[in-house]
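Colleague: Got a minute to walk me through this one? I'd like to start with the helices and the charged pairs.

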Amino acid sequence: MKKIVGFVFIALLFISCNNDSEMISYDNPELSLNIPADFPELNTYVSLNKPTKYGVELGEKLFNEKRFSADNTISCSSCHIQANAFADHNPQAIGIEGRVGLRNAPSLQNLMFLKFFNWDGSKLQLETQPLVPIITHEEMDSSILEVIEKIKEDASYKDLFKKTFGDEEITSDRIYKSIAQFEYTLISANSKYDKVKRKEGSSFTESEAAGYATFQQKCASCHGTELFTDQSFRNIGFPLNTNTNEVGRGRVTGIAADFMSFRVPTLRNIEYTAPYGSFGQFATLKSVLDYFDSGVLEAENLDPIFKNNGNRIPLTEQEKENLIAFMKTLSDQQFIGN
């Protein structure tokens with residue numbers, strides 16, 4: 001009987017070590033991440049692709065791999081720069097040969113808590129997102145098969161794929177999973193705001209505290225939860241992108257009510273992610289607040305927060321100053337590498 005039990009145990013161990021869906025073995029342990037207790041629940045797909053020691057190392061290497069692009073000049077990190085909270089300072093993303101993309105490169109932070117990805121929420125699973133920039137003409141203008149062909153004989157990749165998955169085979173699915181594992185580790189929750197909330201010795205200045213009060217009154221309905229976004233899609237009357245390919249969330253749903261609606265962006269690390277808007281319409285936070293105050297564009301599907309208040313969020317100059325002071329408390333210097 002003991003021999004039978006021992007054989008079954010060995011067989012199960014062999015099966016588990018060769019199961020790509022888990023990507024966890026005794027030599028590639030699952031990472032223990034510091035998940036903030038007050039953050040929203042994890043995206044349901046995270047449990048199917050938990051970050052592992054070598055999976056994250058491989059994902060970071062792939063994230064910085066310029067051979068993803070047709071001319072070997074652009075990587076994911078070209079537009080998602082850590083010092084900018086994994087965004088950049090271009091109004092619209094710039095790909096190979098200086099081609100200008102449709103939208104601003106969004107910051108990458110706290111992705112494991114998001115339910116939608118991209119400005120229009122076209123992806124629900126982070127593992128399916130990397131293909132978009134790879135094949136998009138204005139970004140990398142390549143294909144996943146071309147990427148695999150370029151790196152398949154690279155000894156360093158062979159080693160990491162083996163450590164992560166148990167063998168050296170490089171597949172599209174494994175590439176996507178590894179990049180997602182790395183991106184899942186990009187958790188930002190160590191700003192001044194977080195330290196104040198955790199009572200770690202920090203306190204708001206008078207201006208920051210006043211800004212927080214104004215924020216709770218006039219901004220939190222959209223930028224709610226500890227992510228500082230409610231993850232909804234809204235038309236807030238920003239200046240329109242004249243590119244005929246742009247219809248916002250409507251591009252995904254085909255519903256007129258979603259025309260020019262975009263995912264509410266997080267305000268975490270907002271100090272580092274200018275310009276602002278789906279195609280970088282505003283250079284500064286002050287210009288965004290001035291626009292809200294002066295009045296936004298009329299639209300049939302304009303968000304009720306504006307439509308029911310004369311198409312504006314009235315703000316005094318002092319309130320604007322205080323709001324900006326508060327938003328800067330959401331800057332996480334550890335996250336951006338400082």
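Modeller: Sure. One term before we start: helices here are DSSP runs of H or I with at least four residues, numbered from the N terminus. Also keep in mind that this is a predicted model.

Colleague: Okay. Where do Lys177 and Asp173 lie?

Modeller: Both are in helix 7, four residues apart, which is about one turn of the helix. They form a salt bridge, with the closest N and O atoms 3.5 Å apart.

Colleague: Why does that spacing work for a pair?

Modeller: An α-helix has 3.6 residues a turn, so residues three or four places apart point the same way. And side chains of opposite charge can pair when their charged atoms come close.

Colleague: Is Lys177 buried or exposed?

Modeller: Lys177 is buried, at 14% relative accessible area. Asp173 is partly exposed, with a relative accessibility of 39%.

Colleague: How many residues of helix 7 are buried overall?

Modeller: Eleven of its 13, so the helix is mostly covered; buried means under 20% relative accessible area. Among the buried ones are Arg174, Ile175, Tyr176 and Phe182. The buried residues pack against helix 2, helix 4, helix 5 and helix 6.

Colleague: What about its length, how far apart are the end C-alpha atoms?

Modeller: They are 18 Å apart, and that agrees with the 18 Å that 13 residues should span at 1.5 Å a residue.

Colleague: Switching to the hydrophobic side: which residues have the most contacts inside the largest nonpolar core?

Modeller: Leu62, Phe68, Phe161 and Ile175, in a core of 44 residues. Helix 2 (53-63), helix 5 (144-151), helix 6 (155-165) and helix 7 (172-184) each put in at least two residues. Helix 7 has the largest share, with six.

Colleague: What does Phe161 touch?

Modeller: Leaving out residues up to four places away in sequence, its contacts include Leu58, Leu62, Ile170, Arg174 and Ile175. Charged residues such as Asp167, Glu168 and Glu169 are on the list as well. There's also a second, separate core of 26 residues, which includes Cys219, Leu267, Ala274 and Ala299.

Colleague: Back to charges. How many salt bridges does the structure hold?

Modeller: It holds 26. One to look at is Arg103 with Glu246, at 2.7 Å from N to O.

Colleague: What does that pair tie together?

Modeller: Parts that are 143 residues apart in sequence, because Arg103 lies in the loop between helix 3 (76-79) and helix 4 (131-135), while Glu246 lies in the loop between strand 1 (233-234) and helix 10 (250-253). Both residues are buried.

Colleague: Any others I should click on?

Modeller: Try Arg234 and Asp230, whose side chains meet in a salt bridge at 2.7 Å, N to O. Arg234 is buried at 18% relative accessible area, and Asp230 is partly exposed at 25%. Then there's a salt-bridge network that links Lys286, Asp290, Asp293, Arg312, Glu317 and Lys320.

Colleague: Last one: at what angle do the axes of helix 9 and helix 13 cross?

Modeller: Roughly 100°, with the axes of helix 9 (residues 206-218) and helix 13 (residues 317-327) coming within 7 Å. Angles of 65 to 115 degrees count as roughly perpendicular, so that's the label for this pair. On the helix 9 side the contact includes Tyr212 and Phe215, and on the helix 13 side Leu323 and Phe326 are among the residues involved.

Terms used:
Residues numbered from 1 in each chain as written. Predicted model: local features only at pLDDT ≥ 70, side-chain atom pairs only at ≥ 80, totals over all residues. Heavy atoms only, no water. Core = buried A, V, L, I, M, F, W, Y, C linked by side-chain atoms within 4.5 Å. Buried < 20%, exposed > 50% of the residue type's maximum accessible area, 1.4 Å probe, protein only. Contact = heavy atoms within 4.5 Å. Salt bridge = Lys/Arg side-chain N within 4 Å of Asp/Glu carboxyl O. Expected span 1.5 Å × (residues − 1). Axes fitted to C-alpha atoms, helices over the stretch in contact; angles between N-to-C directions. Parallel < 35°, antiparallel > 145°, perpendicular 65-115°, else oblique.
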